[in-house]
Amino acid sequence: MIHYVPMTLQDISQVYEIEKENFSQPWSKHSFVNEIQENKKAIYIIAKKDTLVYGYAGLWKIDKEGYITNISVKKNMQHKGIGSALVRYLIEVGIKKGIEAFTLEVRKSNLPAIKMYEKLGFIKEGIRKNYYSRPKEDAWIMWIRV
């Protein structure tokens, strides 16, 4: 059974491996350490079975808004509902902390992620031109209000 729990320092090495596997410009290990130790606005969770981390998600709480910073699932565990469950759990945690609306950016070409976000209730509300640099690409800005 997969559990959705807060990220700890012990999870960072596995989170970093997932980050490198999925992103052309991965965050550093230090960035994740900083997020969970220093950033008082940050909420980070993982999907974990026993000692294995299958995915993670994070957001920054800014007043009553949640800015979803990253969501990623191990390649061999994708398309099994883990990403959706991470987002739902992150939203649940955020609501308990007073967040009323959540936003994120997603590559315009990332159709599986866009479909997932839309199924969860996110709506495309704008475009960030050249948001991604490797490769250069626009991002959809998506929102959900709860």
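Let's start at H79. This residue sits in the loop between β4 and α3. Keep in mind that we are looking at a predicted model. Is H79 buried or exposed? Its relative accessibility is 74%, and the cut-off for exposed is over 50%. So H79 counts as exposed. Now look along the chain to P112. H79 and P112 are 33 residues apart in sequence. Their C-alpha atoms are separated by 8.9 Å.

Next, the inside. The largest nonpolar core has 28 residues. Which of them have the most contacts inside this core? They are I68, V87, F102, Y117 and F122. Several elements supply at least two residues each. Among the strands, those are β2 (42-49), β3 (52-62), β4 (65-73), β5 (101-107) and β7 (136-145). Two helices do so as well, α3 (82-96) and α4 (111-119). The largest share comes from α3, with six residues.

Take F102 from that list. What does F102 touch, beyond residues up to four places away in sequence? Earlier in the chain, F102 touches L59, G66, I68, L90, I91, G94 and I95. Later in the chain, the partners are F122, M142, W143, I144 and V146.

There is another core, lying apart from this one. That core has 10 residues, including I12, V15, F32 and V53.

Stay with V53 for a moment. V53 is found in strand β3. Its relative accessibility is 1%, under the 20% cut-off, so V53 counts as buried. Which residues does V53 contact, leaving aside neighbours within four places in sequence? They are D11, Q14, V15, I18, I46, A47, K48 and K74. K29 makes a useful distance marker. V53 and K29 are 24 residues apart in sequence, and their C-alpha atoms are 15 Å apart in space.

K29 takes us to the last topic, a pair of helices. Helix α1 covers residues 12-22, and helix α2 covers residues 29-37. They pack at an angle of about 125°, with axes 9 Å apart. That angle lies between 115 and 145 degrees, so α1 and α2 are oblique to each other. Their crossing is right-handed. Which residues make the contact? From α1, they are I12, S13, V15, Y16 and E19. From α2, they are K29, F32, V33 and I36. By class, this contact has six nonpolar, one polar and two charged residues.

One last look back. I12, V15 and F32 belong to the core of 10 residues, and these three residues also take part in the contact of α1 with α2.

How values were computed
Residues numbered from 1 in each chain as written. Predicted model: local features only at pLDDT ≥ 70, side-chain atom pairs only at ≥ 80, totals over all residues. Heavy atoms only, no water. Core = buried A, V, L, I, M, F, W, Y, C linked by side-chain atoms within 4.5 Å. Buried < 20%, exposed > 50% of the residue type's maximum accessible area, 1.4 Å probe, protein only. Helix = DSSP H or I, 4+ residues; strand = E, 2+ residues; numbered from the N terminus. Contact = heavy atoms within 4.5 Å. Axes fitted to C-alpha atoms, helices over the stretch in contact; angles between N-to-C directions. Parallel < 35°, antiparallel > 145°, perpendicular 65-115°, else oblique. Left-handed = near helix turned anticlockwise from the far one by under 90°. Nonpolar A, V, L, I, M, F, W, Y, C, P; charged D, E, K, R; others polar.
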